[in-house]
Amino acid sequence: MLGFVIQRLWQAMIVILAMSVLVFCGVFAVGNPIDVLISPDATQDIRAQVIAQYGLDQPLWRQYFTFFGRMLQGDFGESFVYNMPVTQLILSRLPATLELVLFAVVGASLLGIPLGMYAGYRHDAPAAKIIMGLSILGFSVPSFWIGLVLIMTFAVQLGWLPAGGRGTTASLFGIEWSFLTIDGLRHMLLPAINLALFKLAMMIRLARAGTREIMLTDTIRFARAAGLSEGTVLVRHVLRLIAIPLVTIFGLELGSTLAFAVVTETIFSWPGLGKLIIDSITSLDRPVMVAYLMLVALLFVMINFFVDLAYALLDPRLRRARA
Amino acid sequence: MTQPLLEVSGLKTHFPTAAGIARAVDGVSFTLGRGEVLGLVGESGSGKSVTGFSLIGLVDAPGRIVEGSVHYGGRDLVGLSTAALRRIRGKEIAMVFQDPMMTLNPVLSIATQMRLAIEAHERVSKAAARARSVEVLARVGIPAPESRLDAYPHQFSGGMRQRVAIAIALLHRPKIIIADEPTTALDVSIQAQILAEMKALVDEIGMAMIWISHDLATVSSIADRIDVMYAGRIVEAGPVGAVLRSPRHPYTQGLLESLPSRTVPGEELRQIPGTTPSLTNLPNGCAFAPRCPRADTKCQVMPVESAAAERTWRCHHPETQRSAA
Ligand SMILES: Nc1ncnc2c1ncn2[C@@H]1O[C@H](COP(=O)(O)OP(=O)(O)OP(=O)(O)O)[C@@H](O)[C@H]1O
Ligand code: SF4
Ligand SMILES: [Mg+2]
């Protein structure tokens, strides 16, 4: 197991290194930040001075090494727009996205897996058909539209829940969180539901398909022949056997939602990363874009690592091969 | 004769399919005495497995038992509630299957799978469950069972895996074990070992066994009595020695003649001509008629069951010369 961990950490470092080159060159190719930084009527002198100040007169490789060296120290430079260190800026937005996305993805899984397993187990029951019908809806209706409907219904017409913002936050480990207060949770509910619906539909379908397939196997027949109750068969056998694809999708969804919760964050004015990155793209705020992309790469590498670890825990056949 | 342990009568299990109703089991009757080994033979698709599943209520939907009864312990198991059936499965009547690769759960340790099977019927401590598992594993011939208990199925060979499955079936010392081709998926040398061990275990524990197989040779070496199944019905039944010495039904004869041991080396293996009939579209009379060398117009009427001297058969033109001799 230790060998596996070390090997994966090594791979992760290489991925991060490669990503840093790609991100740096990619962003370099996108427009000239000088046009954003100084007004067009500035003198040649001021122009040259600013260029030198940001190190933009250096050759590309030298700029990269400066960038990489600073990155290792957690320094991504200053935002052109906010005039504050990018690391600080991103860290101030990350918790909002993190708690919203975790709430949505974990909630979707906790609800979707049992529903899907039920729908697979009793696939002829009317309730199972209703569940599947709703899951198709969750798949096919666009997220922004559901978000608007949620606001119209629960915020505007019924007035039960707030339409936007994080609400009251409380501090934990020196970071502000919404989930610690009732008001914060109320603010989080609608955007979380909005984010969760697609994932819920996906989890339901995945769990249902897996359950239907596994229920027909001799493994289940043998377990039943030994007198196991249906509950035990479902929880101890079926759930364990369908866990690998569920964990895979959980990881993928967690990563991609963390990176791209932007639509929901915009609709619900949720001050998270998604809004930050959209703003930074429109204003060509290069340091923020770079830091953000590196963060996304890091997140995916970390999630992959944990998913792989989960595989090894869930399936003994994979353990020997990776140890 | 004393009351049999298990008495199956007129059992019919049908599957509604797109092509019509598949009569997988169509009026099967037999009895099983205490400690008796009954061999159930027939070609693939003749309904042997479905018969076994029907006994303990494990028929896959949409299939169901449409008629008949399975008397065991003073009760009819057909129509028993799921909960009541569950208490019988594994405890009174256990079942093992063909492919141990498919029956054991690949992601659970042997210890967990055995503990789940024990807990299905008893409340025991973890330590007690382990002790019992080790004991039963040793009994089925797993070497060093203590050290193997926490292993996973893929860490065992095919034969060892089937032994584990048999151990799980034996955990509660059932009165009956239904063995659905448990050796078919194994190497020939392992087959013989498992066969001998099963026979010894059955004698030792005093279990009755229904040994399902398409192979007359294995059945003849383990069974006391034999039921030959064709297209959902038992076409011939009786003590194994008598039936194999002088088969009355042309189908039994065909099965015997296609045994490799009956073929002169170098000669081609004899086969029953034709294929098993479609269960959704059986002929009106004897289902074997299209393949039978003795079929005539009489055979367009379903033959009734004849019986004599512990033997039964369903044929208008049974072979009688050899049995007379
Ligand atoms: N789930 C099912 N749905 C529809 N038909 C089925 C189903 N299970 C079994 N049958 C029907 O029952 C017939 C008998 O199947 P069964 O498995 O009992 O045969 P078998 O004698 O055990 O053959 P084998 O030697 O191949 O195991 C099959 O040919 C099939 O037509
Ligand atoms: S009844 Fe007729 S067709 Fe059927 S087995 Fe006997 S002889 Fe053959
Ligand atoms: Mg079978």
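A residue counts as near a molecule if one of its heavy atoms lies within 4 Å of that molecule. With that in hand, here are legends for close-up views of this predicted model.

**View 1. The residues around ligand 1 come from chain B.** Welcome to the first pocket of interest. The stretch from Glu43(B) through Ser44(B), Gly45(B), Ser46(B), Gly47(B), Lys48(B), Ser49(B) and Val50(B) is here. Phe15(B), Ala24(B), Glu181(B) and Leu279(B) complete the set.

**View 2. Gly45(B), Ser49(B) and Val50(B) each place a polar atom by an oxygen of ligand 1.** Start with the backbone: a polar backbone atom of Gly45(B) is 2.8 Å from an oxygen atom of ligand 1. Val50(B) also uses its backbone, with an N or O atom lying 2.8 Å from a ligand 1 oxygen. For Ser49(B), look at the side chain instead, where an N or O atom is 2.7 Å from an oxygen atom of ligand 1.

**View 3. Four cysteines and a histidine come nearest to ligand 2.** The cysteines to find are Cys286(B), Cys292(B), Cys299(B) and Cys315(B), and the histidine is His316(B). They belong to a shell of 13 residues around ligand 2. Sorted by class, that shell holds nine nonpolar, three polar and one charged residues.

**View 4. Domain 1 and domain 2 of chain A meet at an interface that buries about 1600 Å².** Domain 1 of chain A covers residues 2-72, and domain 2 of chain A covers 87-322. Their C-alpha centres are 33 Å apart. The contact draws 21 residues from domain 1 of chain A and 15 residues from domain 2 of chain A. Carbon and sulfur atoms account for 81% of the buried area. On the domain 1 side, keep an eye on Phe4(A), Arg8(A) and Val27(A): these lose the most area to domain 2 of chain A, together 35% of what that side buries.

**View 5. Arg8(A) reaches Asp308(A) in a salt bridge between the two domains of chain A.** The closest N and O atoms of this pair are 1.8 Å apart. The count between domain 1 of chain A and domain 2 of chain A is one salt bridge. One residue pair is in polar contact across this interface, with both residues at pLDDT 80 or more. Helices H1 (2-29), H2 (33-37) and H4 (60-72) of chain A each bring at least two residues to the domain 1 side. H1(A) gives the most, with 12 residues. By class, that side of domain 1 of chain A has 15 nonpolar, five polar and one charged residues.

**View 6. Chain A and chain B bury about 2300 Å² between them.** Here 21 residues of chain A are in contact with 28 residues of chain B. Of the buried area, 64% is on carbon and sulfur atoms.

**View 7. Arg221(A) and Asp60(B) join their side chains in a salt bridge across the chain interface.** The N to O distance is 2.8 Å. One salt bridge is found between chain A and chain B, alongside eight residue pairs in polar contact, both residues of each at pLDDT 80 or more. To trace the chain A side, follow helices H9 (218-225), H10 (230-259) and H14 (316-322), the elements that give two or more residues to it. H9(A) supplies the largest share, six residues. The chain A side divides into seven nonpolar, five polar and nine charged residues.

Conventions:
Residues are numbered from 1 along each chain as its sequence is written. Chains are lettered from A and ligands numbered from 1 in the order in which they are written. This is a predicted model: local features need pLDDT of at least 70, side-chain atom pairs count only at pLDDT 80 or more; totals for chains, interfaces and linings use all residues. Side-chain values use heavy atoms; hydrogens and water are left out. Domain bounds come from an automatic or database domain assignment. Contact means heavy atoms within 4.5 Å. Buried area is the accessible area (1.4 Å probe) that two parts lose on being put together, summed over both. A salt bridge is a side-chain nitrogen of Lys or Arg within 4 Å of a carboxyl oxygen of Asp or Glu. A polar contact is a pair of N or O atoms within 3.5 Å; within protein, one must be able to donate a hydrogen and the other to accept it, and residues adjacent in sequence count only if both atoms are side-chain atoms. Helices (H or I, at least four residues) and strands (E, at least two) are DSSP runs, numbered from the N terminus. Ala, Val, Leu, Ile, Met, Phe, Trp, Tyr, Cys and Pro count as nonpolar, Asp, Glu, Lys and Arg as charged, and the others, Gly among them, as polar.
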